[in-house]
Structures are given as C-alpha cells and as structure tokens.
Amino acid sequence: GTANGCLRRPAPHAVNMPPMRDASSKVERVRLLLIGRNDASLNKLRALLAATPSLQEVGAISDSSKAIEQARNRVPDVVLVEAEVLPVLGMDVARLLRTELAHIGVILIAAQSGAGLYQDAIQAGLHDFLLMPVTAEELGKSILRAYERVQQVTAGRTGAAPGVRRSGAGKIITVASAKGGSGKSFIAASLAARLAAKHPGNVSLLDFSFQFGDVDLFLNLRGEKTIRSLSSVFSELSSEIMEDVYVKGANDLQVVLAPKGSDEAKGFTVDDIGELLRFVNQSRRFTVVDTATHIDDILLSCLRDSSLVLLVVNPDVISIRSNAKLIKHYRDLQYPLDRLQVVLNRRRAQDALDKGKIQKAFGCQVCATIPEDHETMEEFLNFGRSVADIPDSRLSQGLDAMADSVARIVGAADA
C-alpha cells in the first residue's frame with residue numbers, strides 16, 4: 001500500500017499537514033528537483049508528476065553526491081529523493097538537504113518501509129515519506145503540501161513542527177499502551193464518555209485499534225458503519241459523510257468504530273488517518289483516539305499529532321517493561337515529553353509499584369490512578385451497560401478524576 005503524509009506511511013503527516021485544498025489551482029509553479037536511482041526510476045517519477053500541471057521539473061540526477069550542488073544551482077521548491085540512490089544513500093541526502101537548505105521541501109520515497117527508516121525521516125524533519133507504489137494524485141498532493149509548509153515557514157506564519165493541531169482547533173488525546181490487556185480501550189472509552197458528559201456535542205472517539213477495536217463494547221453501541229466506510233473518501237471528508245459514519249453515544253458522543261473483521265482492518269495508511277484526524281479535530285473540542293498495542297507508523301503518527309498522550313500502564317513488571325520501549329520510541333523521535341502522561345490502571349493497595357516509582361521509572365508524570373474494581377466492572381460489562389453508566393464507586397471516582405485531570409492538562413497547554 002502507499003504511505004504518505006508529512007511523513008507518511010509509513011508515515012504520518014508528521015503530521016501537520018494543513019488541510020488539503022485544491023492547492024494546484026492556487027500555485028502557479030512548484031519547482032522540483034528529482035534525485036533517483038537511474039533513468040528508469042526518474043522517468044517513472046516524471047510519469048506520475050505529469051498529472052499535476054503546477055509541478056515543474058528544474059533538474060534530475062542519479063548521482064546523489066551532487067545533490068547539494070544541484071539544489072543550490074537549480075533553486076527548487078521541493079526535492080524528491082529516492083531512498084535507494086547511490087553513492088550517498090537517500091536518507092543521508094535528505095538529512096543533508098534539510099540541514100543545508102532548510103527553505104526547501106524534502107520528500108523521501110522508498111521501495112520498502114521499515115520503522116527505522118521512518119523514524120530517521122521524522123527526526124530529520126522531512127516533509128513527507130512515501131512508500132512505493134504511490135499514485136499520481138498522492139504524489140502531487142504530497143508535493144503541494146510540502147510546498148505550502150515551506151511557504152508558511154518562510155513567510156513567518158508558522159515555525160512549528162508539523163502536526164495536525166491548528167490555532168482554534170480541538171485537542172487530540174491519544175490513548176496508547178504497548179501491552180495488550182492493559183485496559184487501554186476501557187480507559188479511552190471512559191475518558192470520551194466523561195468528557196462528553198461535561199462537553200455535550202464536543203467530543204469524538206476514534207477507534208484506531210483496527211484488528212481488535214472494542215470501544216463499542218465498553219459504550220454499549222451498535223452500528224453497521226465503521227472506519228472502513230471511509231476508505232474511498234478520506235481526502236473528500238465532509239460533515240455529511242461523517243454524520244453517516246458516526247455512531248452516537250450518550251451526550252452526543254460521536255464515535256468512529258474500528259473495522260468488524262481482520263480483512264477490513266488492512267490497508268489504512270498514515271495519510272488516511274491524518275486526513276480523518278485533521279477533519280474531526282477542526283469540529284470537536286476533544287478527539288480521543290484509541291490505538292493498537294503494537295508500534296507502527298499509524299501509532300507514531302497519532303503520538304506526534306496529539307495535544308496529550310495517555311500511556312496506560314498496569315502496576316506490574318511486564319507492563320512497565322513493555323511501555324518503557326514505547327517511551328524510548330517517543331524520546332528517540334524527539335516528541336515533547338510534557339505531552340506524555342501515564343494512567344496507572346488497576347492499581348491495588350498492596351501493589352509494590354506505586355505512582356512515585358512509575359514516575360521515576362518512566363521520567364514522566366502519572367496524571368491518574370484507576371483502582372482495580374472487579375465487582376463494578378463485572379456488573380456493567382455482564383449486563384451490557386456503558387462505561388458512562390458506571391455507578392458511584394471507587395472506579396467511577398477514579399475515572400472522573402482522570403477526565404478532570406486531562407481537561408486541566410490540555411487546557412493549561414493553551415495558557
């Protein structure tokens with residue numbers, strides 16, 4: 001599948017791609033320098049680029065050692081670099097371009113993906129990462145987005161790192177865990193339900209746990225439409241389309257459900273997810289995102305785009321160890337640590353690992369502690385009740401405190 005997006009699939013919009021207008025109608029010419037493996041690969045790129053009239057090739061080379069020289073001489077707006085070029089590898093060329101010529105957009109195109117390559121691309125600040133094969137439309141949009149971002153920075157309108165969030169937009173809260181069975185989806189659903197109770201009509205919940213999503217279970221929801229229903233319209237989202245897909249919960253909580261089967265769970269790209277996040281984020285005060293437990297490009301994209309990341313951890317050594325690896329990824333990608341908070345779930349009085357030890361181990365704050373309460377959990381799950389209806393108990397009090405804490409944290413970020 002293709003991968004696109006500010007660093008896209010694999011990568012995310014590194015994700016701040018501004019919403020895509022029909023940029024080609026507003027741009028007279030975007031000057032392109034192509035750096036490819038050989039004449040054949042350069043010609044393939046040219047064939048794709050021909051579909052976007054506003055793109056103008058100003059140079060093409062297959063000797064990557066001449067990249068900086070050619071970029072200085074040809075004065076491109078955007079440079080396309082194939083990862084497999086020689087003698088200097090594409091990632092090294094792209095990194096050099098970003099260091100030496102920061103006013104130029106840089107897009108890396110790879111024949112094969114890998115978490116390491118994607119992470120390198122994010123760390124280098126590239127404007128996009130595309131995985132072949134890519135369509136002419138996807139490549140054209142990627143270039144125009146990169147051009148727009150460069151123009152914004154040059155004009156001084158924004159110097160921020162790419163990210164979905166814009167002035168006046170809502171807050172994206174990503175709920176993550178590197179260990180299955182941690183209660184991550186329960187926490188995501190509970191948080192969304194409680195935020196919706198205090199902010200009716202202003203909260204969305206997106207289930208990006210494509211293989212095993214079950215927020216519908218925790219919210220006692222039934223719906224035929226899932227995120228798969230959007231698969232052909234991610235770049236054309238509208239309020240009407242979303243209204244048809246949303247499943248409504250209490251207090252007008254708007255939920256996008258995960259696919260119903262493993263076959264439907266395949267084929268989503270970071271670009272798809274970026275488009276959906278951007279659209280929903282513009283119309284809701286809070287967007288809660290439930291994610292998969294394995295580390296992939298979509299999870300990394302969500303982490304990067306979030307106003308707040310809640311890492312759900314259980315007070316046991318296996319959970320600590322698994323999530324420590326996720327935190328290492330987070331640090332390696334140089335994401336802001338002040339946006340990362342821990343939710344300590346299923347805490348028991350006798351547990352040796354308490355809030356203080358968790359904070360010391362991870363180097364980040366525990367914003368909420370949810371007590372273990374089997375009796376209450378069984379009562380609402382076995383009788384098909386929603387987490388919004390959990391009776392007054394230690395569990396409901398912990399969840400209420402978590403929602404209050406989250407609202408304060410993301411609110412303080414605006415101060």
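Guide: First, one definition. An angle between two elements runs from 0 to 180 degrees, taken between their N-to-C directions. This is a predicted model.

Visitor: How many helices and strands does the protein have?

Guide: The protein has 14 helices and 13 strands. Of its 415 residues, 56% count as buried. Now take contacts between residues at least 6 apart in sequence: 76% of them join residues at least 24 apart.

Visitor: How do I read a sheet? In what order do the 8 strands of the open sheet stand?

Guide: The general idea comes first. Strands pair through backbone hydrogen bonds, in a parallel or an antiparallel sense. Here the order is E8-E9-E7-E10-E6-E11-E12-E13, and the pairing is mixed.

Visitor: Why is one side of E8 and of E13 left without a neighbour in the sheet?

Guide: Strand E8 (247-248) and strand E13 (365-371) are at the edges. Each has a single partner strand, so one side has no neighbour in the sheet.

Visitor: In what sense do E12 and E13 pair, parallel or antiparallel?

Guide: Parallel, over 6 bridges, with E12 covering residues 340-347. Look at Val 343: its bridge partner in E13 is Ala 368.

Visitor: Which strands does helix H10 touch?

Guide: Helix H10 (residues 297-305) packs on the sheet and touches strand E6 (171-176), strand E10 (286-290) and E11. The direction of H10 makes about 135° with that of E6. Helix H11 lies across E6, E11 and E12, and runs at about 160° to E11.

Visitor: How do I find empty space, and how many cavities of 30 Å³ or more are there?

Guide: A probe the size of a water molecule, rolled over the atoms, shows where empty space is left. The count here is 1 cavity of 30 Å³ or more. The largest cavity holds about 30 Å³ of space. Its lining is Leu 303, Val 309, Leu 311, Leu 326, Ile 327, Tyr 330 and Leu 340. Strand E11 (308-313) and helix H11 (317-332) are the elements that give two or more residues to that lining. H11 gives the most, with 3 residues. By type, the lining has 7 nonpolar residues, no polar and no charged.

Visitor: Which residues lie nearest the centre of the second largest pocket?

Guide: Gly 181, Ser 182, Gly 183, Lys 184 and Arg 346 do, out of 28 lining residues. About 450 Å³ of space lies in this second largest pocket. Helix H6 (184-198), E12, E13 and helix H13 (374-382) each supply at least two lining residues. This lining divides into 9 nonpolar, 12 polar and 7 charged residues.

Conventions
Residues are numbered from 1 along each chain as its sequence is written. This is a predicted model: local features need pLDDT of at least 70, side-chain atom pairs count only at pLDDT 80 or more; totals for chains, interfaces and linings use all residues. Side-chain values use heavy atoms; hydrogens and water are left out. On a 1 Å grid over the protein atoms alone, a cavity is a set of points where a 1.4 Å probe fits but cannot get out, and a pocket is an open set with protein on both sides within 12 Å along at least five of seven lines; lining residues have an atom within 4 Å of a point. Grid points are joined across faces, edges and corners, and a volume is the space filled by probe spheres set on the points. Helices (H or I, at least four residues) and strands (E, at least two) are DSSP runs, numbered from the N terminus. Ala, Val, Leu, Ile, Met, Phe, Trp, Tyr, Cys and Pro count as nonpolar, Asp, Glu, Lys and Arg as charged, and the others, Gly among them, as polar. Two strands pair if DSSP finds at least two bridges between them. Contact means heavy atoms within 4.5 Å. Buried means under 20% relative accessible area, exposed over 50%, partly exposed in between (1.4 Å probe, protein chains only).
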